[in-house]
Amino acid sequence: MEAMALRCAGCGANLEVDSDVDSLTCGYCKTPQEVVRRGGAIALKKVGDAIARVQRGTDKTAAELAIPRLERELAEREATRQRQLNEPARPPARRRLSNAVIWMAIGVPVLLFVMVGMSAEGHVTGFFIHAVWALWWTCIFGTILGYLFLRFVRSRDRTKAKHLRDDEINAEFEQETRKLRQQLARAREIVSEH
Ligand SMILES: [Zn+2]
């Protein structure tokens, strides 16, 4: 049996290897390696390299196959998010009645006071005419102002509700697609590495 002097592929130590040996583990650095005979040249090669090469090839194929699927899944989830964002947001039920009562309790006397002041102008005669005049305009202005105020409050409620709802939708999207986006980034990385 013939012994060959080969260089360890791991640490570079000189190793005495019998000619019939196909694989060995370096006694110094414990690197598993195989004896490669190619065109008369004999050398040691780390076993891990070959496995890693096969692994990389397999990974690349898998990544190339996975990318379109992951992109499709992400696009579908994105479409769902857009649909959710376009749906009208419902403001939460509020204590509308109590608010209205408070505003009427303040607004109606103020308006009535202004109207009485505008109509009377210090005249005592025709008091009932002035009172009816004042009440009449108070009702008219009260209705208009109340309507405008209600519209303003409702639109503000809707805007606020939409912001809250959109934040929830976006957070949910981020959370649900995090893994998907990570997988996609990794697959693209693997494909571009080779
Ligand atoms: Zn070694």
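Helices and strands are DSSP runs, numbered from the N terminus; a helix has at least four residues and a strand at least two. With that in hand, Lys30 can be placed: this residue lies in the loop between S3 and S4. The model used in these exercises is predicted.

**Exercise 1. Take stock of the chain.**
Find how many helices and strands the protein has, and in which pattern they follow along the sequence.

*Solution.*
Step 1. Count the elements. There are three helices and five strands.
Step 2. Read along the sequence. The pattern is β-β-β-β-β-α-α-α.
Step 3. Check the confidence. The mean pLDDT is 86, and 93% of the residues score at least 70. Strand S2 has the highest confidence, at 92. Helix H2 (residues 96-120) has the lowest, at a mean of 80.

**Exercise 2. Judge the overall shape.**
Compare the radius of gyration of the protein with that of a compact globule of 194 residues.

*Solution.*
Step 1. Take the reference. A compact globule of 194 residues would come out near 16 Å.
Step 2. Take the value of the model. The protein has 42 Å.
Step 3. Look at the spans. Along the principal axes, the C-alpha trace covers about 140 × 30 × 20 Å.
Step 4. Turn to the domains. The assignment gives domain 1 (3-39) and domain 2 (71-193). Their centres, taken over C-alpha atoms, are 78 Å apart.
Step 5. Add burial. Buried residues make up 6% of the 194 residues.
Step 6. Add contacts. Among contacts with a separation of 6 or more, 50% join residues 24 or more positions apart.

**Exercise 3. Describe the hairpin of S1 and S2.**
Work out how S1 and S2 run, how many bridges join them, and which residue in the turn has a positive phi.

*Solution.*
Step 1. Find the direction. S1 and S2 (residues 14-18) run antiparallel.
Step 2. Count the bridges. Five join the two strands.
Step 3. Name a pair. Arg7 has Asn14 in S2 as its bridge partner.
Step 4. Inspect the turn. Six residues lie between the strands of this hairpin, and Gly12 in the turn has a positive phi of about 85 degrees.
Step 5. Ask about burial. S1 (residues 3-7) has five residues, and the number buried is zero, so the strand lies largely in the open.

**Exercise 4. Classify Ala13.**
Is Ala13 exposed, partly exposed or buried? Which residues does Ala13 touch, leaving out those up to four places away in sequence?

*Solution.*
Step 1. Locate the residue. Ala13 sits in the loop between S1 and S2.
Step 2. Recall the cut-offs. A residue is exposed with 12 or fewer other C-beta atoms within 10 Å, and buried with 20 or more.
Step 3. Apply them. Ala13 has 13 C-beta neighbours inside 10 Å, so this residue counts as partly exposed.
Step 4. List the contacts. Ala13 touches Cys8, Cys26 and Tyr28.
Step 5. Give a distance. Ala13 and Cys26 are 13 residues apart in sequence, and their C-alpha atoms are 8.5 Å apart.

**Exercise 5. Build the sheet.**
Give the strand order of the open sheet, then trace its pairs.

*Solution.*
Step 1. Write the order. The sheet has three strands, S3-S4-S5, with antiparallel pairing.
Step 2. Find the edges. S3 (23-25) and S5 (41-46) each have a single partner strand, so one side of each is left without a neighbour in the sheet.
Step 3. Note the twist. From one strand to the next, the average is 30 degrees.
Step 4. Trace S3 and S4. Three bridges join this antiparallel pair. Leu24 has Gln33 in S4 as its bridge partner.
Step 5. Trace S4 and S5. Strand S4 (residues 32-38) pairs with S5 over six bridges. In S5, Ile42 is the bridge partner of Arg37, and Ala41 is that of Arg38.
Step 6. Inspect their turn. The hairpin of S4 and S5 has two residues between the strands, and Gly39 has a positive phi of about 55 degrees.

**Exercise 6. Spot the unusual phi.**
What is the phi of Lys30, and is Lys30 buried or exposed?

*Solution.*
Step 1. Recall the rule. Most residues other than glycine have a negative phi.
Step 2. Read the angle. Phi of Lys30 is near 65 degrees, a positive value in a residue other than glycine.
Step 3. Place the residue. Lys30 is in the turn of the S3 and S4 hairpin, which has six residues between its strands.
Step 4. Count neighbours. Lys30 has 9 C-beta neighbours inside 10 Å, so this residue counts as exposed.

Definitions and conventions. Residues numbered from 1 in each chain as written. Predicted model: local features only at pLDDT ≥ 70, side-chain atom pairs only at ≥ 80, totals over all residues. Pairing = 2+ DSSP bridges. Axes fitted to C-alpha atoms, helices over the stretch in contact; angles between N-to-C directions. Contact = placed C-beta atoms within 7 Å. Rg over C-alpha atoms; globule rule 2.2 N^0.38 Å. Domains from an automatic or database assignment. pLDDT = per-residue confidence, 0-100.
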